[in-house]
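Work through the following exercises with the sequence and the model side by side, trying each task before reading its solution.

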Amino acid sequence: MNKITVVGAGNVGATLAQRIAEKELAREVVLVDIVEGIPQGKGLDQWQSSPIEGFDTRIVGANDYGPSAGSDIFVVTAGIARKPGMSRDDLVKTNTEIVKSVSQQIRDCSPDSTVIVVSNPLDVMCWVAKKVTGFPRERVIGMAGVLDTARYRSFLALEIGVSVEDIQAMVLGGHGDSMVPLVSYTTVSGIPVTQLINRKRLDEIVERTRKGGAEIVGHLKTGSAYYAPSAAAVQMVESIVRDKKRILPCAAWLEGEYGLRGLYLGVPCKLGSGGLEQIIEVELSSKEQVALNKSAEQVRATMESVSL
Ligand code: APR
């Protein structure tokens, strides 16, 4: 893999660029931002960590898309982040304009690239990117489920007192309070989680997961989470770059899967060199399907507030 461009050199974008370089997932990482000097300065600083960390990936910063031409992957983190009291949907107006302009640039300079969207409100920003680039659904995917699942797994591991590595789980639905942690598919090394934790505690953990982003905004006050979000996006990048074909919960454009069509929503996706290679349809309990439908309604309501 040759080149990966990260758009937005803020908290999420800069951390992402560093993580991609440290894993040598590309020969070159281009960091693009509208603020003059920020991507150049951060890119140079990050690249100078390469002799210490031992990576040969070159990181360069730019205010235009010239250096990013021909990128294989774009990760879009441009936009404003939440402040306390704001929902992800409160960002919709500003971030739609930003993601629109970024998508036009991607379409023009790298028409064969795959786009991973991180900007919020996630599911709706994915739709904006897909519509503006005109790319097929295989090449426009959103990062949300890996992060929500990581939060859920962290809380469960702490509660049960086991390694996070042994918690298998999947959080589906929109990236908001209506997300759907699949309790029926949550296991600890194959053991159904309900055998290891009582229902009341499990419900509390599910609730904390739903509000996981807001909990961090509440602490930070001046912005939103970025260490776990950047790690989550890198896991998606890695599955594509290395053609690992991992099954990860990602926002994907639905065309009838789970009885839904014409929107982005978090579902289990197989990611490989072809981008989104398959959407896996798993059996849901009726309660989970109802929750997924409700989540879809919320995403649709936000889509309706956007004119493209
Ligand atoms: N093109 C490129 N970069 C842009 C553009 C644009 N049109 N508009 C804004 N940016 C840049 C800003 O200059 C800033 O450096 O996007 C960056 C955003 O960085 P932060 O404010 O630090 O926000 P961050 O925490 O990184 O979150 C970015 O990801 O998780 C989501 O909700 C979050 O939508 C937010 C996005």
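**Exercise 1. Identify the bridge partner of T187 in β11, and then place the pair in its sheet.**

Solution. The bridge partner of T187 in β11 is P192. As a next step, consider the strands themselves, where strands are DSSP runs of E with at least two residues and helices are runs of H or I with at least four residues, both numbered from the N terminus. Strand β10 (residues 187–188) pairs with β11 in the antiparallel sense over 2 bridges, and two strands count as paired if DSSP finds at least two bridges between them. The pair belongs to an open sheet of 3 strands with antiparallel pairing, in the order β7-β10-β11. Its edge strands, each pairing on one side only, are β7 (167–168) and β11 (191–192).

Before going further, note that this is a predicted model, in which local features need pLDDT of at least 70 and side-chain atom pairs count only at pLDDT 80 or more, while totals for chains, interfaces and linings use all residues. Residues are numbered from 1 along each chain as its sequence is written, and side-chain values use heavy atoms, with hydrogens and water left out.

**Exercise 2. Describe how β13 and β14 are connected and paired.**

Solution. The two strands form a hairpin with 2 residues between them. Strand β13 (residues 261–272) and strand β14 (residues 275–279) run antiparallel and are joined by 4 bridges. To locate one partner, take G272, whose bridge partner in β14 is G275.

**Exercise 3. Determine which residues are closest to the ligand, and examine its polar contacts with the backbone.**

Solution. Of the 22 residues that surround the ligand, the closest are N11, V12, D33, T77 and N120; a residue is near a molecule if one of its heavy atoms lies within 4 Å of it. For the polar contacts (pairs of N or O atoms within 3.5 Å), begin with V12, which has a polar backbone atom 2.8 Å from an oxygen atom of the ligand. A backbone N or O atom of I80 lies 3.0 Å from a ligand oxygen atom, and for G79 the distance from a polar backbone atom to an oxygen atom of the ligand is 3.4 Å. The protein covers 84% of the 730 Å² of accessible area that the ligand has on its own, with areas taken from the Shrake-Rupley method using a 1.4 Å probe.

**Exercise 4. Find the salt bridge of K23, and decide whether each of its two residues is buried or partly exposed.**

Solution. K23 forms a salt bridge with E238, with the closest N and O atoms 3.4 Å apart; the criterion is a side-chain nitrogen of Lys or Arg within 4 Å of a carboxyl oxygen of Asp or Glu. This pair links distant parts of the chain, 215 residues apart, with K23 in the loop between α1 (11–22) and β2 (28–32) and E238 in helix α9 (residues 227–241). Relative accessible area under 20% means buried, over 50% exposed, and in between partly exposed. K23 counts as partly exposed because its relative accessibility is 41%, whereas E238, at 17%, counts as buried. E238 also meets the side chain of R242 in a salt bridge (3.3 Å, N to O), and R242 is partly exposed, with a relative accessible area of 42%.

Conventions. A polar contact is a pair of N or O atoms within 3.5 Å; within protein, one must be able to donate a hydrogen and the other to accept it, and residues adjacent in sequence count only if both atoms are side-chain atoms. Buried means under 20% relative accessible area, exposed over 50%, partly exposed in between (1.4 Å probe, protein chains only).
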